[in-house]
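Reader: I am a first-year student and should be grateful for a close look at a single part of this structure. Please explain with care what surrounds that part, and then place it within the chain.

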Amino acid sequence: MQDQEILNVEKKPKRAGHDPQPAKTELLSLPVKDPDQERSRPTGSIQQKDQTQKRDQTQQRMAEQPGALDMHYLVMQSSRQVGRVHMSRTAKINLDPGQPKILQCLYEKRGNTPKEIAAWCVLDKSSTTTLLKLMGQKGLIEKKPSLTDRRSCTIELTPFGLEQALQVLEIGQEVDRIILEGFSEEEKAILSDFLARMSANAKKEMEK
């Protein structure tokens, strides 16, 4: 049987003419919570337990295979670091981020329509439109009506755009020398193959 706490509850008197009765005090009993019973209740839900188990399993796998689960981060980190080196040089020839790869795409004839350029450069439609507009204002490219699709257009390099594209290629070779310093030719070939396969796997996932 639970302990009970005794509380004093004062009842207001009822009025009877001009002779009010004095206030009466009665004792009421209220149940008191058992602290031992409160502590015995479960503190986490089933969902929280599942999340904890998954976290423990992930930590165990990371301990068994150190670095294996961080591959995606290493790739993203490397891409950002290489991009910073590349942009530090292309900025000196007045090119904004995203523009050098479009110049390379056009020079190497990887595509000459906005859709083809977006696919090769891995850009969305909105970003591609904005970049092409700015490049046109800089005199790097010019748009011409498509001979096969009236709704589309083709993008071509201007003479100035061609000069800039050649400089972009030279910068790319310089960056390659920097980031591949100390790599053997065999290691370069293996790395190139791995990166191409990783890119293909990611593309396949996004096309599902």
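My request concerns helix H4: against which elements do the buried residues of H4 pack?

Author: In this predicted model, the buried residues of H4 pack against H3, helix H5 (114–121), H6, strand S3 (141–145), S4 and H7. The buried residues in H4 are Gln99, Pro100, Ile102, Leu103, Cys105 and Leu106.

Let us take one of these partners, H6, in detail. Two packed helices are described by the angle between their axes and the distance between the axes. For helix H4 (residues 99–107) and helix H6 (residues 125–137), the angle is about 80° and the axes are 10 Å apart. Angles of 65 to 115 degrees count as roughly perpendicular, and H4 and H6 are therefore roughly perpendicular to each other. On the side of H4, the contact is made by Gln99, Ile102 and Leu103; on the side of H6, Leu131, Leu132, Leu134 and Met135 take part. Sorted by class, the residues of this contact are six nonpolar and one polar, with no charged residues.

Gln99 deserves a separate word. This residue lies in helix H4 and has 0% relative accessibility, so Gln99 counts as buried. If neighbours within four places in sequence are left aside, Gln99 is in contact with Asn94, Leu131, Leu134, Met135, Lys138 and Leu140. Of the residues that H6 brings to its contact with H4, Leu131, Leu134 and Met135 thus appear again among the contacts of Gln99. At the other end, just after H4, Lys109 takes a positive phi of about 55°.

Strand S4 is also among the elements against which the buried residues of H4 pack. One residue of strand S4 (residues 153–157) is Thr154. Thr154 counts as buried because its relative accessibility is 15%, and buried means under 20%. Apart from neighbours within four places in sequence, Thr154 is in contact with Asn112, Glu142, Lys143, Lys144, Pro145 and Ser146.

Two further partners, H3 and H7, are themselves linked by a pair of charged side chains. Glu174 in helix H7 (residues 159–179) and Arg89 in helix H3 (residues 71–90) form a salt bridge, with their closest N and O atoms 3.1 Å apart. This pair joins distant parts of the chain, as the two residues are 85 residues apart. Glu174 counts as partly exposed because its relative accessibility is 29%. Arg89 is likewise partly exposed, with a relative accessible area of 24%.

Helix H3 also holds His72. With a relative accessible area of 52%, His72 is exposed. His72 and Met198 are 126 residues apart in sequence, while their C-alpha atoms are 9.7 Å apart in space.

It is useful to set the salt bridge of Glu174 beside others in the chain. The count comes to seven salt bridges. One of them joins Lys188 and Glu185, whose closest N and O atoms are 3.4 Å apart. An α-helix has 3.6 residues a turn, so residues three or four places apart point the same way. Lys188 and Glu185 are three residues apart in helix H8 (residues 185–206) and are therefore separated by about one helical turn. Lys188 is partly exposed, at 28% relative accessibility, whereas Glu185 is exposed, with a relative accessible area of 62%. Another salt bridge is the one in which the side chains of Lys208 and Glu205 meet, at 3.0 Å from N to O. Lys208 is exposed, with a relative accessible area of 77%; Glu205 is partly exposed, at 46%.

Finally, the helix may be placed within the whole. The chain has eight helices and four strands. Read from the N terminus on, its elements run β-β-α-α-α-α-α-α-β-β-α-α. Of its 208 residues, 16% count as buried, and the buried residues of H4 listed above, Gln99 and Leu103 among them, belong to that share. The chain exposes about 17,200 Å², of which carbon and sulfur atoms supply 53%. Among contacts between residues at least 6 apart in sequence, 45% join residues at least 24 apart.

Conventions. Residues numbered from 1 in each chain as written. Predicted model: local features only at pLDDT ≥ 70, side-chain atom pairs only at ≥ 80, totals over all residues. Heavy atoms only, no water. Axes fitted to C-alpha atoms, helices over the stretch in contact; angles between N-to-C directions. Parallel < 35°, antiparallel > 145°, perpendicular 65-115°, else oblique. Contact = heavy atoms within 4.5 Å. Nonpolar A, V, L, I, M, F, W, Y, C, P; charged D, E, K, R; others polar. Salt bridge = Lys/Arg side-chain N within 4 Å of Asp/Glu carboxyl O. Buried < 20%, exposed > 50% of the residue type's maximum accessible area, 1.4 Å probe, protein only. Areas by Shrake-Rupley, 256 points an atom, 1.4 Å probe, with all protein chains shown as cover.
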